[in-house]
Amino acid sequence: MKLAKFQKQFKETMFRPVREIQECEDDFKALFSEGDISLEERLKVYHNNVVGSLSEVLRVTFPLLENLVGEDFLRAMSRDFIFENPPTSACVHMYGAGFDDFIKTYDPAKSLPYLVDVATLELALNTAYYASDDIALAPDALAQVPPETLGDVVLNLRSSTTLIASPYPLESIRSFCLDADNNPAPDLTEEHTCRLLIVRPALEVSIISLSEDEFEMLRLLQDKVPLGTAVEKTMDAFPTFDFTAFLQKHTVLESFTSL
Amino acid sequence: MSKLATSHDVSRAVPFCPPDLSIDDPVGIGLRSPHYQEIIDQPPHLGWLEVHPENYFGGGMHRHYLKQIRQDFPISMHGVGLSLGSDQPVDEQHLRQFKELIDIFEPFVISDHVSWSASGNAHLNDLLPLPYTQETLNRLCENIDRTQSYFGRKILVENPSTYLAFNDNEMPEYELLNALCEKTGCGLLLDINNIYVQSHNHGIDPIEYIDNVKHENVGEMHLAGHIVKKAGEHTILIDSHNQLVRNEVWDLYEYAVKRIGSIPTLIEWDQDFPPLETLVEEAGRARSIIERVTAGKQSHEAG
Ligand SMILES: [Fe+2]
């Protein structure tokens, strides 16, 4: 058998449930000598390594999910995700993109709709943690720009940035998961949109709670809308938007990259 | 002690590493995040540290610590993701990210494995086995060539632990390793625990293995712990990197040092981390074997 075909069949054997491990094709089985130990046992060692190590990667990235649903539930859900969405890069600590969308379609999680947004939050935290290093906008940088061209400036958000809007109180869910003794149980019935900026200014990842207009402004900047137009659009939707206060707050928070 | 990293730099087209990056003390350990702070606060008695470059592809905390630690220690970069044995070219983006780290951290040695992990777009996150055929040899050579020309440096390739036995092997493992070195100018990272695991799992003679790999190609050795797994009435050894190096492996290591010489040697430990002290003690045990063998040779020569 050609090397490519062997590797493809081996891969398919790994990304299906272990109880189906013997369902590989005969020409694949014929590649191996069993000796004292059956082919099934031998393949199981690899299955355990591949699926076990990837499940562990997800467990490390999604501690809040583990806390909310328990280890067994998360492991079963991870396994199904892994079979459908194997990693596409050797940089496995970044593995897990799309887990939130997968949870949306995962029947056993249907009764816990907030899990999807908690997964989105954890993906954002992980992305920020491993994002490439970039430099924050210096406090006086915009003052150097001639006033007449200020409106054309495209103010970029840090490479670590994710903006999240959710109908669930993600911050209280997180605090409760991390320390149930000192935080109240979150009220999941109350309709209250939570808007968050996840960003890593230096080494630590920050979670910043945003007002509606602030969120809109950051969203426009993320879409590379020039500063002037972004302010205009935000003020159209939110006439009380205070751009000066916004700029000052996010310069201090180091939300922008250098020009 | 002589500058170890360059002592096996046979003059080939691919440079091994700049002479100023060579090391003075032959033993090191794998650098893992639970030990970052302790290593910075009290640099342990070690010659060097080894990292998996894939853990530093992003920015942030990990790179920050590595930059600090690099000031005190030489670093080797041991890839786990090049997938040299895949029947497809090594991923360009992976090479680019790896090279970026080589330029920043100047490792004294660079390595990856004689195994595969990627098939098509999927990455299986494990070091998977290969049939030892001409086709495999050719594919490995193409990927090693591609990697070495991208890096502008020689790499070492590591012998694997495997749990499957192929019917159509055309050569023993050591012959494949020798051929890789001969055809590409790469060197060998000889993992002594993996040789022991292979000898148990596939009934080969570890002494014959060590005698038959071309000694001048060996640029680094690995030592690690393995577990014994029951499979029906028999046992299979799993290269688990989660415990002390076993005595049988220490014996085999001593034999390898006698035959091959004083080679940079690493203690690998990748899960269920022990206190740093345990790793430093294991490294100390490797150092004392090297010193004992070297002293024995010298007195033998003198006598
Ligand atoms: Fe190794």
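Analyst: A helix axis is a line fitted to the C-alpha atoms over the stretch in contact, and the angle for two helices runs from 0 to 180 degrees between their N-to-C directions. Please keep in mind throughout that this is a predicted model.

User: At what angle do helix H2 and helix H3 of chain B pack?

Analyst: Helix H2 (residues 61–70) of chain B and helix H3 (residues 92–105) of chain B pack at about 35°, and their axes are 11 Å apart.

User: Which residues of H2(B) and H3(B) meet there?

Analyst: As a general idea, an α-helix has 3.6 residues a turn, so residues three or four places apart point the same way. In this structure, Arg63(B), Leu66(B), Lys67(B) and Arg70(B) are the residues of H2(B) that meet H3(B), where their partners are Glu100(B), Leu101(B), Ile104(B) and Phe105(B). The contact of H2(B) with H3(B) is made of four nonpolar and four charged residues, with no polar ones.

User: How far apart are the end C-alpha atoms of helix H7 of chain A, and what span should its residues give?

Analyst: The 17 residues of helix H7 (residues 114–130) of chain A should span 24 Å at 1.5 Å a residue, and the end C-alpha atoms are 25 Å apart, which agrees. H7(A) is also mostly covered, since 14 of its 17 residues are buried, where buried means under 20% relative accessible area.

User: Which residues are the protein donors of the iron ion?

Analyst: The protein donors are Glu158(B) through OE, Asp191(B) through OD, His222(B) through ND1 and Glu268(B) through OE, and they lie 2.0 to 2.3 Å from the iron ion. Along the chain, these donors of the iron ion follow the spacing E-x32-D-x30-H-x45-E. Asp191(B) belongs to strand S9 (residues 187–191) of chain B and His222(B) to strand S10 (residues 218–224) of chain B, so the pair ties together parts that are 31 residues apart in sequence. Asp191(B) and His222(B) are both buried.

User: Why is the arrangement around the iron ion irregular?

Analyst: The general reference is that ideal angles at a metal are 109.5 degrees for four tetrahedral donors. Four donors count as tetrahedral if all angles lie between 85 and 135 degrees. Here the four donor atoms around the iron ion subtend angles of 83 to 169°, which makes the arrangement irregular.

User: What is the phi of Asn125(B), and where is this residue found?

Analyst: In general, most residues other than glycine have a negative phi. Asn125(B), although not a glycine, has a positive phi of about 55°, and this residue is found in strand S6 (residues 122–128) of chain B. Asn125(B) counts as partly exposed, at 22% relative accessibility.

User: Is His241(B), which has a positive phi near 50°, buried or exposed?

Analyst: His241(B) is buried, with a relative accessible area of 11%, and its place is the loop between strand S12 (234–238) and helix H8 (247–260) of chain B.

User: Which residues does Val228(B) touch, leaving out those up to four places away in sequence?

Analyst: Sequence separation and distance in space have to be read apart, as Val228(B) in strand S11 (residues 227–231) of chain B can illustrate. With residues up to four places away not counted, Val228(B) touches Thr235(B), Ile236(B), Leu237(B) and Arg246(B). Leu266(B), by contrast, is 38 residues from Val228(B) in sequence and 22 Å from it in space, C-alpha to C-alpha. For Glu142(B) and Val90(B), which are 52 residues apart along the chain, the C-alpha atoms are separated by 9.1 Å.

Terms used. Residues are numbered from 1 along each chain as its sequence is written. Chains are lettered from A and ligands numbered from 1 in the order in which they are written. This is a predicted model: local features need pLDDT of at least 70, side-chain atom pairs count only at pLDDT 80 or more; totals for chains, interfaces and linings use all residues. Side-chain values use heavy atoms; hydrogens and water are left out. Helices (H or I, at least four residues) and strands (E, at least two) are DSSP runs, numbered from the N terminus. The expected span of a helix is 1.5 Å times one less than its number of residues. Buried means under 20% relative accessible area, exposed over 50%, partly exposed in between (1.4 Å probe, protein chains only). Contact means heavy atoms within 4.5 Å. Ala, Val, Leu, Ile, Met, Phe, Trp, Tyr, Cys and Pro count as nonpolar, Asp, Glu, Lys and Arg as charged, and the others, Gly among them, as polar. Donors are N, O and S atoms within 2.8 Å of the metal (3.2 Å for Na, K and Ca); water is not among the atoms, so sites may look incomplete. Four donors count as tetrahedral if all angles lie between 85 and 135 degrees; four count as square planar and six as octahedral if opposite donors are over 155 degrees apart and all others between 65 and 115; anything else is irregular.
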